[in-house]
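Trainee: I have a model open and I'd like to understand the words people use for it. Could we go through a few of them together?

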Amino acid sequence: MPILSFSLNLDGVIRIHNAVQCLAKFSDTVSLEARSDRLTMSTLNSSKSAYASFALDSSTYFETYRYNDARLSDQSQEGPSRFTCQLYNKALSSVFKGRLGDMREKETAAERCEVAIQDDIDNTECRIVVKMICKHGVTKTYKLNYESTEIKHALFDRNSAKNKWRIDASVLRSFLEYFGTATEQLDMYAEDGRIAFTSYTEKVMHGREILKHPLETSVALDTLDFEEFSVEEKMHVAFSVKDFRAIVLHAETLKTNVQAYYSLPTKPIQLTYNENGVNCEFTLMTIGDYPGSSTKPAPISVRGSSATPTGGRPSRQASLQPTQSNTIRGVEEKQREAMPPPSQPASRSFPRAPQSQSGPGSFRPESLSQRTSRPSPPPPKASLDPESLFLPAEDDDRQWDETNYEDEEDILGWDASGNHKASALQKLQTAPEEASRYESLPAWPEDSDRRIAPTQRLAEIETLFSQG
Amino acid sequence: MRFKAAIRNIHTFTKLTGSLLLLSKVVWIRLDNDQVRFTVIPERGSQVWAVLSIDSIFEDYSVHSNTPGNTIHLQVSLTHLNRALRSAINATFASIRLTKKDGIPLLAITITTTTFASLRRPPTLEGLNERRLPSEAPNSTSRAEVDRGNDDSISFQDHPPAPFPSDRETTITQSVAATVLPPQSVASIHEPTCREPDVHILLPPLLQLKAISERFTKLALPTSSAATGDENLSTRLILSASPYGEFRIGVQTAACKIESKWQGLTNPELDPTQIEGGEEGVREHASTRQKNLTREEAWATVRVEGRDWGRVLGVGRLGGRVVACKSPDPFFEK
């Protein structure tokens, strides 16, 4: 009897693929946590500076979802039972492939997916069994090994995060096109009704190396562009631009609004969005300077949440805080119940000494304990990213770039664009007297009907030559 | 030392940096009162010495320097400059200035755009109705005009559908690290002097020429198994031009000999005012002598390295007319 079994339609499979892709950018393992009401995929990166989770709602996300907690009910007294395990991201991503929904492979596309997690003390075969039911009666079955572990979830107290904003993911996505490829940090700074997102790199270079200093990009936009905006001004908060990129790229696939909650620099920031039964939460560590001591915070710039393009007058609506996004908070509170409570009362501002928390479910961002320390993500290699983020070649500018001569694809390239219909072929014919200079070569076909098509394979040219 | 300008022609500037980027990663920019010069001198391959009049890419241009001739020499990464400029493609306004941050000189490109407005959700129903009302009237009048057989459709143009009202602007600032070169360090760098060209000719469409050149280069390259990525392997393309409007490109290997020929191209005439010696100089010019030769004799031929030539042809993205001057070194002007 599997402890968990569920089935998904194709759309659900693709969205799991997107989530797995996103998690892969944080860490090479994925933690699964199954409960009766949801399945959570999460990961914590190796420097423990970033945590990502995707909670799939059992009633809306899945076609069927059955969590059989009979085995665990007698053991766990601490709350609702849960099943946790960990497996390699690569294993999951090789099952939930991106091409499953690809129209080009329509013939082999999966139609639905059934997953069963078998976990039985008496059974040596503890596996996650994924069945992809494809067209033409093909069923692909994958059996994945997993490791049974305790999962660490990041704790984030939204009540103490007094800065928040919400914005369309596509706006954030458009930032990515401007950011340089090698930058490391993303700084947020609000002032005078505008907020600047600056991607920068800390490295100090000298001499000729200065020219290699990555591009520093600052995007400043009006706070009215946000659906909701309530942020303390004149405070620098920075986090990893690589994590931001991973999050925004995923958020854009769901075409949703991204919401951010944060308090102070060196305290975590949480980015969340919630769409179609997927609740995505990312908790990232921040760095930055806080002007003066924290006892006298700068004024908070608050804007009404009803952001119409014309009438977003500034107003203090600090009381908004408890009323909004009850569903999200509800989920989180349940989550907190299930975990050992932190050793400090939750009503205090954000836990000041993360080291003192020792519960297995608590987030222990070791790199956060000192203000000066900062997460050190590996330099992103975005230029090699297959899902490249940068300006698409709208005006086929790439055709002017250098040809890759090692490219094995052997295609005659001229006039393949079709843009030069008039000019491209008119002067290509070899004049008759010139053709005679090359006895070994056939004359260029003079007849316009037999003119060589703009694109042809090398093999076709060879047959042409042998005829001559 | 100050430099500030509005970028008038973002498209040209971006394409220029894009084509220079193919040849080298670093560009030397020379700014003075009259000209902007972009020079790339790669370790191997073709050099580019581009001279632009200021108003071809900038306006409201100001340069202040203590050096004689009020000249600023900068060195910047083309990769970063090109990336920075590419984010300005949809800009409503862009400017460039030289600043300093933490002791590092920076070329700061400030871009103002309203494109984010279009990304936002469609306007509310209210907004739509407001928008429709004013455009309703001109539509009906112009339809009436069409009925009367009046093909004056300007009334459409007078009332284009107003973009959704949004006066909110997004400012993007791209900071490109730069080094300021002291005048003495560049004093010894001179543009190579070329022999007087034998033939001037307007090349055929560059995209076409580029595709054929690359095709020839690829055919003449040793098979990939033998090449194993050896960069030193080179292919010589043979370029010939005549004062009779003909241009040939060819390649010869042990296995094959291929040639393409264009006819009916234009040989631009020399402008006596630009030539030393005026009319007399034109008469004495090498290209004039070449014209007196017969059709068969008048070919001027150069050999170029195929890959390098392909990179040089990347300049075609600027869309200008190209004059090739056939002399021992190919030299291009837009």
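Mentor: Gladly! Keep in mind that this is a predicted model. Let's begin with a cavity lining: the residues around the second largest cavity divide into eleven nonpolar, no polar and no charged.

Trainee: What makes the residues of that lining nonpolar?

Mentor: Look at who is there: Phe6(A), Ile16(A), Leu32(A), Leu39(A), Met41(A), Leu92(A), Phe96(A), Val115(A), Ile117(A), Ile128(A) and Val130(A). Phe, Ile, Leu, Met and Val count as nonpolar, so the lining has eleven nonpolar residues.

Trainee: Which strands of chain A each supply at least two residues of this lining?

Mentor: They are β3 (38-44), β7 (110-117) and β8 (127-134).

Trainee: And how much space lies in the second largest cavity?

Mentor: About 110 Å³. The count comes to nine cavities of 30 Å³ or more.

Trainee: Now helix α3 of chain A, residues 169-176: why is it called largely enclosed?

Mentor: Buried means under 20% relative accessible area. Eight of the eight residues of α3(A) are buried, so the rest of the structure largely encloses this helix. Arg173(A) and Phe175(A) are among the buried residues.

Trainee: What makes the pair at the start of α3(A) a polar contact?

Mentor: A side-chain oxygen of Asp168(A) reaches to within 3.0 Å of the backbone nitrogen of Ser170(A). The cut-off is 3.5 Å for N or O atoms, so the distance fits.

Trainee: How do you know that helix α12 of chain B is mostly covered?

Mentor: Eight of its eight residues, 306-313, are buried, including Trp309(B) and Arg311(B). At its start, a side-chain oxygen of Glu305(B) comes to within 3.3 Å of the backbone nitrogen of Arg307(B).

Methods:
Residues are numbered from 1 along each chain as its sequence is written. Chains are lettered from A and ligands numbered from 1 in the order in which they are written. This is a predicted model: local features need pLDDT of at least 70, side-chain atom pairs count only at pLDDT 80 or more; totals for chains, interfaces and linings use all residues. Side-chain values use heavy atoms; hydrogens and water are left out. Buried means under 20% relative accessible area, exposed over 50%, partly exposed in between (1.4 Å probe, protein chains only). Helices (H or I, at least four residues) and strands (E, at least two) are DSSP runs, numbered from the N terminus. A polar contact is a pair of N or O atoms within 3.5 Å; within protein, one must be able to donate a hydrogen and the other to accept it, and residues adjacent in sequence count only if both atoms are side-chain atoms. On a 1 Å grid over the protein atoms alone, a cavity is a set of points where a 1.4 Å probe fits but cannot get out, and a pocket is an open set with protein on both sides within 12 Å along at least five of seven lines; lining residues have an atom within 4 Å of a point. Grid points are joined across faces, edges and corners, and a volume is the space filled by probe spheres set on the points.
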